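Biologist: Can you walk me through this one? I'd like to start with what counts as buried, then go from there.
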Amino acid sequence: MRLLLGTLFALIVAAAVGLGATYFALTRGAAFGALTIGTWTSFPKTGTTDADPYARASIARIGRLPTALGDGVSFTAQSDDKGKALDGRCDVVVSGVTPASRFWTITLYNPAGELVANTVDRHGFTSQEIVRRADGSFAIVVAPRASAGNWLPTGGVERYVLVLRLYDTAVGVSTKAGREVPMPAVTTRSCP
Amino acid sequence: MIRWLLLLLGGALLGGIVHLATVIILPRTATRDAYARLEPIAPVNKVVPIPAATPDSATMPFMDPAFVLAVCRYDLSQGPLKLTVPVSLSYTSVSFYTRNDIAYYAINDRAAGRRVIELDLMTVEQHNQLPEEEDVTAADRLIVDSPTTTGIIAIRALAPEPGLMEKAKSAIAAAQCRPSTDTAKPAR
């Protein structure tokens, strides 16, 4: 009886620890080789055959086609520079410059990776259409209400993620965070 | 007391094995991965346009709305494929994915250096069976080796402004992937 109870106990612990760790790793999008610059995180290796088992499992679970490294690199931000989760009811400013690339796009998704409905049908910007300052830097206002300049509507959703994709860029597996890879700052300006 | 602690430790160790096993097995059992999502709408060895993502419907999550996407779900069991993609005005890329949605190769219009991206896709065995002299004479011929027999080719064209969406669409509408008949019996 004691043996049976003990075995049962060990098996329950094993199932809880094992499945819990898997769930945690996949929902957090854990993988090796993260490149973090400010609040932006990228997994350049996920777009290659060197993708680790965690990256492979996460790709299969989400059901997306990752950006191939020969095509570009995609950076995701889930919070502002101070670590506050991006809130669609707040005014958030994304400003600065991006690393050198032929083109880049910035897109707003809900955490499930779906576009967010809004009245002006805008879900992001490309490097071509963005309005820049004289020095080449830009500022995007991510806010629920219309704003002057580059306004990216949030549709008032509670949580969202920003994905910045650099196409045809030298940023890749061997890139280290530093001055060559300046990423735009993400600042929460005001919250209701 | 010691006995329960040991059981807890044993359970945790076993849990680590369970964790690693589930992570490794998951890609093989996933039923909603990108390949499975494309299967019903993309016939084999044919380029099909994928409808642009909207807030209500998207073929896959995290699609870039600034891009027009077309895919060719390929099967090389009958022989190699030939892929031709005319480049659009701004940026065109072709990415190759295995059956498990892992990107193994990508090329863009600038790297291809031509008006049309042209390449041959084959398995490693098919590449090895190519007559050697053909490999040499076709120095400008781009051959891509697929690690798996089936997979996905994703053709993407950027629309730098929403108004250029139609132009990008028409540019990659002419993209083709079809079985290459000449590689099996090369002309002498």
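Modeller: A residue is buried here if 20 or more other C-beta atoms lie within 10 Å of its own. Keep in mind that this is a predicted model.

Biologist: Fine. Which residues of H1(A) are buried, then?
Modeller: They are A:Ala10, A:Ala14, A:Val17, A:Gly18 and A:Thr22.

Biologist: And what do the buried residues of H1(A) pack against?
Modeller: Their packing partner is H1 of chain B.

Biologist: What are the end C-alpha atoms of H1(A) telling us about its span?
Modeller: The helix covers residues 2–27 of chain A, and at 1.5 Å a residue its 26 residues should span 38 Å. The end C-alpha atoms are 37 Å apart, which agrees.

Biologist: What else is in chain A?
Modeller: Its secondary structure comes to 2 helices and 10 strands. In sequence order the pattern is α-β-β-α-β-β-β-β-β-β-β-β. Along the principal axes, the C-alpha atoms fill a box of roughly 80 × 40 × 25 Å.

Biologist: How much of chain A is buried?
Modeller: Buried residues are 41% of its 192 residues. As for contacts between residues at least 6 apart in sequence, 69% join residues at least 24 apart.

Biologist: Switching to the contact between the chains. How many residues does each chain put in?
Modeller: Chain B puts in 50 residues and chain A 54. On the side of chain B that touches chain A, at least two residues each come from helix H1 (2–29), helix H2 (34–38), E4, strand E5 (103–108) and E8. H1(B) gives the most, with 16 residues.

Biologist: What is the make-up of that side of chain B?
Modeller: It divides into 31 nonpolar, 11 polar and 8 charged residues.

Biologist: Which domains does chain B have?
Modeller: The domain assignment gives domain 1 (1–30) and domain 2 (41–54 + 63–179). Their C-alpha centres lie 41 Å apart.

Biologist: Where is the largest nonpolar core, and which members touch the most others?
Modeller: That core has 95 residues, and B:Val71, B:Ile152, B:Ile153, B:Ile155 and B:Ile172 touch the most other members. E2(B) supplies the largest share, 7 residues. Domain 1 and domain 2 of chain B both give residues to this core, so it lies between them.

Biologist: What does B:Val71 touch?
Modeller: Not counting residues up to four places away in sequence, B:Val71 touches B:Leu38, B:Ala42, B:Val48, B:Ile50, B:Ile152, B:Ile153 and B:Ala154.

Biologist: B:Ile172 was on your list too. Which residues of its helix, H6 of chain B, are buried?
Modeller: In H6 (residues 165–173) the buried ones are B:Ala168, B:Ala171 and B:Ile172. Seen down the axis of H6(B), they fall within an arc of 85 degrees, so they line one face of the helix.

Biologist: Why would spacing like that put residues on one side?
Modeller: An α-helix has 3.6 residues a turn, so residues three or four places apart point the same way.

Biologist: And what does that face of H6(B) pack against?
Modeller: Its buried residues pack against four strands of chain B: E2 (67–75), E3 (81–86), E4 (92–98) and E8 (150–158).

Biologist: Last one, B:Asp109. Buried or exposed?
Modeller: Buried, because B:Asp109 has 24 C-beta neighbours inside 10 Å and the cut-off is 20 or more. B:Asp109 lies in helix H3 (residues 109–112) of chain B.

Biologist: What is B:Asp109 in contact with?
Modeller: Leaving aside neighbours within four places in sequence, the contacts are B:Val87, B:Tyr91, B:Thr92 and B:Ile117. The C-alpha atoms of B:Asp109 and B:Ala157 are separated by 9.8 Å, with the two residues 48 apart along the chain.

Methods
Residues are numbered from 1 along each chain as its sequence is written. Chains are lettered from A and ligands numbered from 1 in the order in which they are written. This is a predicted model: local features need pLDDT of at least 70, side-chain atom pairs count only at pLDDT 80 or more; totals for chains, interfaces and linings use all residues. A residue is buried if 20 or more other C-beta atoms lie within 10 Å of its own, exposed if 12 or fewer, and partly exposed in between; C-beta atoms are placed from the backbone. The arc is that of the directions from the helix axis to the C-beta atoms. Two residues are in contact if their C-beta atoms, placed from the backbone, lie within 7 Å. A nonpolar core is a set of buried Ala, Val, Leu, Ile, Met, Phe, Trp, Tyr and Cys residues joined through C-beta atoms within 7 Å. Domain bounds come from an automatic or database domain assignment. Ala, Val, Leu, Ile, Met, Phe, Trp, Tyr, Cys and Pro count as nonpolar, Asp, Glu, Lys and Arg as charged, and the others, Gly among them, as polar. The expected span of a helix is 1.5 Å times one less than its number of residues.
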